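Reader: I would like to go through this structure term by term. For each label, tell me what value stands behind it.

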Amino acid sequence: MKNTTIRSLAAVACSVALATSFAGCGSDSKDDDKGESKTLSVADFKEQANKLCKEAGEDTAKFGEDISESSSDADVSDAIDKTVDRNKKLVEDIDDLEAPDSIEDDVDSMLDSVEDGLKQMGEVSSLQDLMAFDPTGGSFKDANDKATALGLPDCAG
C-alpha cells in the first residue's frame with residue numbers, strides 16, 4: 001500500500017505540475033522599455049514553458065516522498081497544499097510569458113482545465129481522499145491532452 005500511496009501522490013503532483021505549467025500563458029503581456037509587447041515565438045514559448053514545467057515537476061515530486069499508509073491526514077493535507085501552492089506559483093511564472101496569438105486560445109482553454117483540477121485537488125484532505133483522487137482523469141487528463149497537442153512534453157503527464 002505504501003508504494004501505491006506514494007505513486008498516487010507523486011502522480012497527482014506530477015499531473016498538477018505538468019498540467020498547470022502553461023495554464024496562464026498568454027494572458028499577460030511583458031513590455032519592453034518602449035512600451036511594446038514582447039510576444040514570444042512559438043519555439044521560445046515552448047522552450048520556456050517546458051523549462052518551467054520541468055522545474056516545478058521536480059519540486060512537486062518531492063512533496064509526496066514520505067507519504068505512506070501510516071501518514072496522518074495532516075501530512076497528506078500538507079503535501080497537497082504544498083503541491084497546489086507550487087503550481088499556483090508555476091501558473092504565475094508561465095503567465096508572465098507572452099504566448100503567441102496562434103496558440104493563445106489553446107493555452108487559455110488549458111488554463112480552464114488546470115484551474116478546475118487545482119480546485120479538485122485542493123479538496124483532498126486525507127489519505128482516504130488521496131487514494132480516491134484520480135490525477136489521470138477529468139480536468140487533469142483534459143489539461144494533459146491539451147499540453148500534448150501544444151507540443152509541450154514536459155508539461156504533459
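Reader: Which residues gather in a patch of negative charge on the surface?

Author: The model is a predicted one. In it, the negative patch on the surface is formed by Glu65, Asp66, Asp73 and Asp75. Of these, Glu65 sits in the loop between H2 and helix H3 (73–95).

Reader: What makes these residues count as a patch of negative charge?

Author: Asp and Glu count as negative, and a patch takes residues with over 30% relative accessible area and no salt bridge, with like charges joined within 9 Å. Glu65, Asp66, Asp73 and Asp75 gather under that rule, so they are called a patch of negative charge.

Reader: How many helices and strands does the protein have?

Author: There are 6 helices and 0 strands. Read from the N terminus, the order of elements is α-α-α-α-α-α.

Reader: How many residues does helix H2 have, and what span is expected for them?

Author: Helix H2 covers residues 42–63, which is 22 residues. From the first C-alpha to the last, H2 reaches 32 Å, close to the 32 Å expected at 1.5 Å a residue. H3 has 23 residues and reaches 32 Å, close to the expected 33 Å.

Reader: Which residues of H2 are buried?

Author: They are Phe45, Ala49, Asn50, Leu52, Cys53, Ala56, Gly57 and Thr60. For H3 the buried residues include Val76, Ala79, Ile80, Arg86 and Asp95. Across the protein, buried residues make up 45% of the 157 residues.

Reader: Why is Arg86 called buried?

Author: Its relative accessibility is 17%. The cut-off for buried is under 20%, so Arg86 falls into that class.

Reader: How do you know that Arg86 forms a salt bridge with Asp59?

Author: The closest N and O atoms of Arg86 and Asp59 are 2.8 Å apart. The limit is 4 Å between a side-chain nitrogen of Lys or Arg and a carboxyl oxygen of Asp or Glu, so the pair qualifies. Arg86 lies in helix H3 and Asp59 in helix H2, so the salt bridge ties together parts that are 27 residues apart in sequence. Asp59 has 28% relative accessibility and counts as partly exposed, a class that runs between the 20% and 50% limits.

Reader: How many salt bridges does the rule give?

Author: The count is 5. Among them is the pair of Lys141 and Asp145, at 2.7 Å from N to O. Another is the pair of Lys146 and Asp142, at 3.1 Å from N to O. In general, side chains of opposite charge can pair when their charged atoms come close.

Reader: Where do Lys141 and Asp145 lie?

Author: Both are in helix H6 (residues 138–150), 4 residues apart, or about one turn of the helix. Lys146 and Asp142 are also 4 residues apart in helix H6, which is about one helical turn. An α-helix has 3.6 residues a turn, so residues three or four places apart point the same way.

Reader: What makes these four residues partly exposed?

Author: Partly exposed means neither under 20% nor over 50%. Lys141 is at 42% and Asp145 at 41%. Asp142 is at 32%, and Lys146 at 21%. Each value lies between the limits, so each residue is called partly exposed.

Reader: Why is Lys51 called exposed?

Author: Lys51, in helix H2, has a relative accessible area of 53%. Exposed means over 50%, so Lys51 qualifies. Its C-alpha is 9.8 Å from that of Leu152, although the two are 101 residues apart along the chain.

Reader: What about Asp101, buried or exposed?

Author: Asp101 lies in helix H4 (residues 101–122). With 62% relative accessible area against a limit of 50%, Asp101 is exposed. The C-alpha atoms of Asp101 and Ser41 are separated by 9.5 Å, with their places 60 residues apart along the chain.

Reader: How do you know that Gly117 is buried?

Author: Gly117, in helix H4, has a relative accessible area of 0%. That is under 20%, so the residue is buried. Ser139, in helix H6, has 11% and is buried by the 20% limit.

Conventions
Residues numbered from 1 in each chain as written. Predicted model: local features only at pLDDT ≥ 70, side-chain atom pairs only at ≥ 80, totals over all residues. Heavy atoms only, no water. Helix = DSSP H or I, 4+ residues; strand = E, 2+ residues; numbered from the N terminus. Expected span 1.5 Å × (residues − 1). Buried < 20%, exposed > 50% of the residue type's maximum accessible area, 1.4 Å probe, protein only. Patch = residues over 30% accessible without salt bridge, like charges linked within 9 Å, V, L, I, M, F, W, Y side chains within 5 Å. Areas by Shrake-Rupley, 256 points an atom, 1.4 Å probe, with all protein chains shown as cover. Charge placed at Lys NZ, Arg CZ, Asp CG, Glu CD.
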